[in-house]
Amino acid sequence: MTQDPSPQEQTVDYSDIINIVHDLQAPLSGVKWTLSMLQNGDAGMLTPSQKELVEKAIHGNEHTLRLVRSILAVSRLDAGNAELNKVETPILDVVNDTIDELSLYAREKGLRIQLKGLDGEGPLVYIDADKIRNVFENLVENAIKYTPPKGTIAVSVRTNDDECIISVEDSGAGISKDDAPYIFKKFFRSNDHAKKTERGSGLGLYISKRLVEAHNGRIWFADKKRDLGLQESGTVFAFMLPLNHRENMLE
Amino acid sequence: MNTMDNLKGKKLVWVEDDQFLSGIIASKLTNHGITLLHASTGDDGFAMIKKEKPDIVLLDLLLPGISGFDVLQKVKEDAELKDIPVIVFSNLGEPKEIKKARDLGAKKFLVKAAIVPDQIIDELSSAL
């Protein structure tokens, strides 16, 4: 985190913006409810193409809602009064729900999301599930965004004695040496032409890092060619959550 | 679609200052046979609960006038009203707010942005 706010940041009253972001939740909730009622046929049955459009609108609206909640969470972290609503959560629930939701978006691009690793139920982690879900979504959404059509995205969940590691591997262009130091910085956007054409706030990975660290975890990435010595291009993003519950509960 | 028979003929007071939100679900609630009464400030909300003695209350927290927390406290301190189930329905949802609502006697804390109308119906049905 840089200590010197840029001149632009100084002219903006941060708390006003946060209040506005908070207020965005009401209209977004209203849109969510309306779309849900349309989807469920409360206003009459929909044709398949109407249904598809409604699903897309729901996806976009959910994404916006999560972004709003993440901005609020990070603003509270920045202000030092973040509270995480931590409960014992099966990590695979978070992972599977997210993959289910994003696979429509992936399929549209001709991408497949594979889940590798754990059989069975997987570990219980002591997390704020909404926030960790947001982290995982950011990683999968980035993978979808930056992987060319027909590519594969592989998600894996692994555990050892005291850690659970979730990784998202894509077959995109990878991360250039120039970009690598800035990947988790606030508002960072790559200058690579191909990546520039994708929409993004430059907040997703910054928020993800803050949220993972608030859980005493770590987040990192590796470029498949440069860091892992692999033939094919791509990136692996991963984050670790501690499994030591007692330690977590003490802080 | 839900068929929640225990909602039929029940009276609901919904304290919510955002008419856009309550308007969306109004028809859905009435389709389930619920009588929906709407108040848009904390003061009006409490007065309406006191007068109507509804079967259940949906209560927003950030309201003009007295807050939802104040309304909840007054309801739970009122011998006539204290057994009416109150579901807090807000976009606040930090652990300290949830705890405060629970401590004051809320039956449930629902985050508006996290649920859809069918779930609201389900929650009302199970709280009754």
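**Close-up 1. Pairing of strands E3 and E4 in chain B.** In this predicted model, strand E3 (residues 56-59) of chain B and E4(B) run parallel and are joined by three bridges. Within this pairing, B:Val57 has B:Val86 of E4(B) as its bridge partner. The connection between the two strands leads from E3(B) through helix H3 (residues 68-77) of chain B to E4(B), and the β-α-β crossover formed in this way is right-handed.

**Close-up 2. Pairing of strands E4 and E5 in chain B.** E4(B) also runs parallel to strand E5 (residues 108-111) of chain B, to which it is joined by four bridges. B:Phe89 finds its bridge partner in B:Leu110 of E5(B). From E4(B) the chain passes through helix H4 (residues 95-103) of chain B before reaching E5(B), in a β-α-β crossover that is right-handed.

**Close-up 3. The surroundings of strand E4 in chain B.** Strand E4 (residues 86-90) of chain B is largely enclosed by the rest of the structure, because five of its five residues are buried. B:Val86, B:Val88 and B:Ser90 point one way from E4(B), whereas B:Ile87 and B:Phe89 point the other way, and the residues on both sides are buried.

**Close-up 4. The contact between chains A and B.** Here 15 residues of chain A are in contact with 15 residues of chain B. On the side of chain A that touches chain B, helix H3 (residues 25-39) of chain A supplies the largest share, with 10 residues. By character, the residues on this side of chain A comprise five nonpolar, seven polar and three charged.

Methods:
Residues numbered from 1 in each chain as written. Chains lettered and ligands numbered in written order. Predicted model: local features only at pLDDT ≥ 70, side-chain atom pairs only at ≥ 80, totals over all residues. Contact = placed C-beta atoms within 7 Å. Nonpolar A, V, L, I, M, F, W, Y, C, P; charged D, E, K, R; others polar. Buried ≥ 20, exposed ≤ 12 C-beta atoms within 10 Å, placed from the backbone. Pairing = 2+ DSSP bridges. Right-handed = clockwise from strand over helix to strand, strands pointing away.
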